[in-house]
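Reader: I'd like a close look at one part of this model, the charged surface, with enough of the overall picture to place it. Could you walk me through it in one go?

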Amino acid sequence: MAITEAVHDGDDRTVRRLLARFAEVATIADLYALRNALLPGERPACTPQQPPEPPTPVPA
């Protein structure tokens, strides 16, 4: 994925250009895939069918 390569290379101009194009056509599934590509191993993979769990409310 070109966006992840630009991020890892520190190429801000390319990242901005690619994100602008990505925003025009992205779906929710694409956002999860992009997050997983940018942060491998830091978060469990989520799919659109499995949204992140909401925070547990603190008892009053």
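Author: Of the 60 residues in the chain, 18% are buried. Keep in mind that this is a predicted model, so treat everything below as computed from it.

Thr 4 gives you a look at the buried side. Where does Thr 4 sit? Helix H1, which covers residues 2-9. Its relative accessible area is 9%, and because buried means under 20%, Thr 4 falls in that class. And what does Thr 4 touch, once residues up to four places away in sequence are set aside? Its partners are Leu 34, Ala 37 and Leu 38.

For the wider frame, the chain has three helices and zero strands, and reading along the sequence you get α-α-α. Take the contacts in the chain with a separation of 6 or more: 24% of them join residues 24 or more positions apart. As for the outside, the accessible surface of the chain is about 5,000 Å², and carbon and sulfur atoms hold 58% of that.

Now to the charges you asked about. Which residues make up the positive patch? Arg 13, Arg 16, Arg 17 and Arg 21 come together there on the surface. One of them, Arg 16, belongs to helix H2, the stretch of residues 12-25. Is Arg 16 buried or exposed? Exposed, because its relative accessibility is 56% and the cut-off for that label is over 50%.

There's a negative patch on the surface too, and its members are Glu 5, Asp 9, Asp 11 and Asp 12. Asp 12 is part of helix H2, and so is Arg 16 from the positive patch. With a relative accessible area of 52%, Asp 12 also passes the over 50% mark, so Asp 12 counts as exposed.

If you want to colour this up on screen, here's the short version. Helix H2 holds Arg 16 and Asp 12; Arg 16 goes with the positive patch, while Asp 12 goes with the negative one. Thr 4, over in helix H1, is your buried example, at 9%, and its contacts include Leu 34 and Leu 38.

Conventions. Residues numbered from 1 in each chain as written. Predicted model: local features only at pLDDT ≥ 70, side-chain atom pairs only at ≥ 80, totals over all residues. Heavy atoms only, no water. Patch = residues over 30% accessible without salt bridge, like charges linked within 9 Å, V, L, I, M, F, W, Y side chains within 5 Å. Areas by Shrake-Rupley, 256 points an atom, 1.4 Å probe, with all protein chains shown as cover. Salt bridge = Lys/Arg side-chain N within 4 Å of Asp/Glu carboxyl O. Lys, Arg positive; Asp, Glu negative; His and termini not counted. Charge placed at Lys NZ, Arg CZ, Asp CG, Glu CD. Helix = DSSP H or I, 4+ residues; strand = E, 2+ residues; numbered from the N terminus. Buried < 20%, exposed > 50% of the residue type's maximum accessible area, 1.4 Å probe, protein only. Contact = heavy atoms within 4.5 Å.
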